[in-house]
Amino acid sequence: MTVKTVVFHALEDGPALTVLGAVHGNERCGPAAINRLIADLENGKVRLKRGRLQLMPVVNPQAYAQNVRFVERNLNRQLYRKDEKQHYEDHLDPIVCDLLDRTDVLLDLHSFASPGGPFIFLSGKNPRELAYAKSLGVTDFVYGWAEAYGGGGSKESQGTTEYARTQGALAVTLECGQHQNADAPDIGYQAILHALAHFDMLADAVAEPAPSAADLRCVRMKSVFYRDAGANFCKSWRHFDPVAKGEAIATLADGSLLTAPEDGFLVLPKEAAVTGGEWFYFGTATAYPE
């Protein structure tokens with residue numbers, strides 16, 4: 001298979017903004033949003049003022065063709081060039097890394113299995129990246145993803161945004177909502193326009209107004225939970241559902257309860273997670289990003 005990249009160059013110098021879709025093949029909103037933008041750029045509805053816009057609608061084409069998250073390895077983990085390629089996704093690593101090496105700003109479009117609306121993953125460290133993220137038209141933010149996996153910085157937990165940051169880029173992952181949400185492609189499309197407008201790359205202001213700072217809320221991820229054999233949720237949880245300290249979240253195979261370690265929120269609870277797979281994240285409210 002080949003990987004398609006579409007690049008638009010404006011005549012005026014400016015930043016290189018890269019937008020990725022379908023890093024996970026069953027997340028269809030990114031390709032829909034990016035292909036809509038390509039059509040609008042080609043028919044003149046959207047005009048690039050300066051800089052370079054790099055679009056990869058389908059990063060993992062084989063997973064996309066099979067409508068699965070990945071074929072042999074999660075492409076959004078362990079993203080780096082490998083001396084020995086053992087999995088199909090290992091062959092995609094250098095293609096993605098080469099593109100990100102030429103990137104000043106990254107917007108990676110995703111969706112998720114849990115019921116819920118859009119939110120943005122943040123690094124929690126760069127004020128310029130935060131300002132960029134807050135411009136994208138989304139009100140909910142999550143940060144601390146890498147730390148929840150055990151300290152961050154590890155190449156084993158490195159995905160697109162983490163790799164892009166190692167190359168000096170500003171990088172944001174936008175989760176556009178549940179896979180089946182009808183508005184997810186439009187949320188992704190509007191976010192691209194917001195990003196272009198934020199970096200003064202649009203010839204015309206065509207993005208919808210961004211929400212006010214007073215409407216923003218953020219959760220800091222503390223830990224990731226993997227599903228044990230025979231474990232089941234106590235109820236059908238939704239993304240960003242609040243839980244109180246000691247509240248039962250799930251029943252384990254031996255009948256004991258998995259409870260909330262403190263007051264907080266469930267992030268991306270996945271009812272259909274396989275045994276050993278990422279089941280849900282736990283986080284707490286924070287004043288960040290303000």
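Visitor: By class, which residues does the lining of the second largest pocket have?

Guide: A mix: six are nonpolar, three are polar and three are charged. Please keep in mind that this is a predicted model. The pocket holds about 160 Å³ of space. Among the residues lining the second largest pocket are Pro118, Leu136, Val138 and Ile187, together with Asp183, Asp186 and Glu208. Gly137, Gln190 and His194 line the second largest pocket too.

Visitor: Let's turn to sheets. How do strands of a sheet pair?

Guide: Strands in a sheet are held side by side by hydrogen bonds of the backbone, and the pairing can be parallel or antiparallel. Here, eleven strands make an open sheet with mixed pairing, in the order β1-β3-β2-β4-β7-β5-β6-β8-β14-β13-β10. The edges are β1 (6-9) and β10 (242-243), each of which pairs on one side only.

Visitor: Which strands of this sheet run parallel?

Guide: β2 and β4 are one such pair, joined by four bridges. Find leucine 20, and you will see that its bridge partner in β4 is aspartate 108. On to β7: this strand pairs with β4 in the parallel sense over seven bridges, and valine 105 has leucine 170 of β7 as its bridge partner. Further along, β6 and β8 (residues 217-226) are parallel as well, with four bridges between them. There, aspartate 140 faces arginine 217 of β8.

Visitor: And which strands run antiparallel?

Guide: Look at β8 and β14, which are joined by eight bridges. Valine 219 stands opposite alanine 285 in β14. The other pair to look at is β13 (residues 264-267) with β14 (residues 278-286), again antiparallel, with three bridges. Leucine 266 has phenylalanine 282 in β14 as its bridge partner.

Visitor: What is the order of the open sheet that three strands form?

Guide: That order is β9-β11-β12, and the pairing is antiparallel. Because β9 (232-233) and β12 (257-259) each have a single partner strand, one side of each has no neighbour in the sheet. β11 (residues 248-251) and β12 share three bridges, and threonine 251 is bridged to leucine 257 in β12.

Visitor: Where do the side chains point in a regular strand?

Guide: They alternate between the two faces of the sheet. Strand β4 is a good place to practise. Val105, Leu107, Leu109 and Ser111 point one way, while Leu106, Asp108, His110 and Phe112 point the other way. Eight of the eight residues of β4 are buried.

Visitor: Which strands does helix α3 lie across?

Guide: Helix α3 (residues 93-101) lies across β2 (12-20), β3 (50-56) and β4 (105-112), and runs at about 170° to β3. Helix α4 (residues 127-134) makes another case: it lies across β2, β4, β5, β6 and β7, at about 30° to β7.

Visitor: Is threonine 160 buried or exposed?

Guide: The idea is to compare the relative accessible area with a cut-off: under 20% counts as buried. Threonine 160 has 2%, so this residue is buried. Threonine 160 belongs to helix α6 (residues 160-166). Leaving aside neighbours within four places in sequence, threonine 160 touches Leu20, Val23, Asn76, Leu79, Leu100, Leu106 and Asp108.

Visitor: What about aspartate 90, and where is its place?

Guide: Aspartate 90 sits in the loop between α2 (61-66) and α3. A loop residue can be judged by the cut-off too: aspartate 90 has a relative accessibility of 2%, so it counts as buried. Its contacts, apart from neighbours within four places in sequence, are Arg73, Lys82, Glu84 and Lys85.

Visitor: One last feature: which residue has a positive phi although it is not a glycine?

Guide: Glutamine 78 is one of them, with a phi of about 55°. Glutamine 78 lies in the loop between α2 and α3 and, at 25% relative accessibility, counts as partly exposed. Phenylalanine 240 also has a positive phi, about 75°, and is not a glycine. You can find phenylalanine 240 in the loop between β9 and β10. Its relative accessibility is 6%, so phenylalanine 240 counts as buried.

Notes:
Residues are numbered from 1 along each chain as its sequence is written. This is a predicted model: local features need pLDDT of at least 70, side-chain atom pairs count only at pLDDT 80 or more; totals for chains, interfaces and linings use all residues. Side-chain values use heavy atoms; hydrogens and water are left out. On a 1 Å grid over the protein atoms alone, a cavity is a set of points where a 1.4 Å probe fits but cannot get out, and a pocket is an open set with protein on both sides within 12 Å along at least five of seven lines; lining residues have an atom within 4 Å of a point. Grid points are joined across faces, edges and corners, and a volume is the space filled by probe spheres set on the points. Ala, Val, Leu, Ile, Met, Phe, Trp, Tyr, Cys and Pro count as nonpolar, Asp, Glu, Lys and Arg as charged, and the others, Gly among them, as polar. Helices (H or I, at least four residues) and strands (E, at least two) are DSSP runs, numbered from the N terminus. Buried means under 20% relative accessible area, exposed over 50%, partly exposed in between (1.4 Å probe, protein chains only). Contact means heavy atoms within 4.5 Å. Two strands pair if DSSP finds at least two bridges between them. Axes are lines fitted to C-alpha atoms, for helices over the stretch in contact, and angles run from 0 to 180 degrees between N-to-C directions.
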